[in-house]
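Student: I'm new to this one. Can you show it to me and walk me through how its labels are earned?
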Amino acid sequence: MRQVQKISREVVIDPSETTRRAPFKTDKEIQAYLQGALHDAYRRKNRVRFSQKGTEWLKVLQQLLNHLGYQSWMYREGSRDVYALETTAEFLDFKFDILSLETSNEKAAYLRGFFDAEGGIPHSRTAKFYIQLVQKDKRKMQTIGEVLKSLGIHTGALHNPSHRVDPNYWRLFVSTASHADFARIIGSSHPLKQARFAERMMI
């Protein structure tokens, strides 16, 4: 019998559902995704804490952690619509190197987690479509660009949008010709980003 984890009175989540939908074939790929997702988290003592407006993506992370056998707990921060997910999963490493991953699928899974944490696409259906990845670590962004290229996904030049506003903020745009390949190879496990991809790219 599959374990069903209750998160709140209103929502009951089947932990197998996300792994059945997502393109993860192995536990190593799930771990790689979560390592990439760490870019939207921080460590507090022995706990890793993710924080988001809304709970959609946090529920996905909780399901994946549960699939790997790790506990996590979610709570609302004050009266705002901001929620946190905390876990003590020991494999999560903020110094993790994507180049240590052995397969293309594991690297794609890491990039999917990175994109869900630090990437963006337009909210508006009428806005010009783009796919961007951002981060304050220039060396890491250079590595991200190299790994994308190794997977056949091309990007524009790594650049700083405004040195005056933030000299340490770096951005990569996926080339228009590689949008479909990014959606197919990398994609997203963030429910809101998944919906935008589906609307704009007919996937």
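Tutor: Sure, and let's begin with the naming: helices (H or I, at least four residues) and strands (E, at least two) are DSSP runs, numbered from the N terminus. The chain has seven helices and nine strands. This is a predicted model, where local features need pLDDT of at least 70, side-chain atom pairs count only at pLDDT 80 or more, and totals for chains, interfaces and linings use all residues. Residues are numbered from 1 along each chain as its sequence is written, and side-chain values use heavy atoms, with hydrogens and water left out.

Student: Where does Lys-45 lie?

Tutor: Lys-45 sits in the loop between strand S3 (41-44) and strand S4 (47-53). Its phi is positive, about 60 degrees, although Lys-45 is not a glycine.

Student: Why is Lys-45 called exposed?

Tutor: Buried means under 20% relative accessible area, exposed over 50%, and partly exposed in between (1.4 Å probe, protein chains only). Lys-45 has 78%, so it counts as exposed.

Student: What makes H3 mostly covered?

Tutor: Ten of its twelve residues are buried, including Trp-57, Leu-61 and Leu-65. Across the chain, buried residues make up 47% of the 203 residues.

Student: How do you know that the span of helix H3 agrees with what's expected?

Tutor: The expected span is 1.5 Å times one less than the number of residues. For the twelve residues of H3 (residues 56-67) that gives 16 Å, and the end C-alpha atoms are 17 Å apart, so the two agree.

Student: What follows H3?

Tutor: Gly-69, with a positive phi near 95 degrees.
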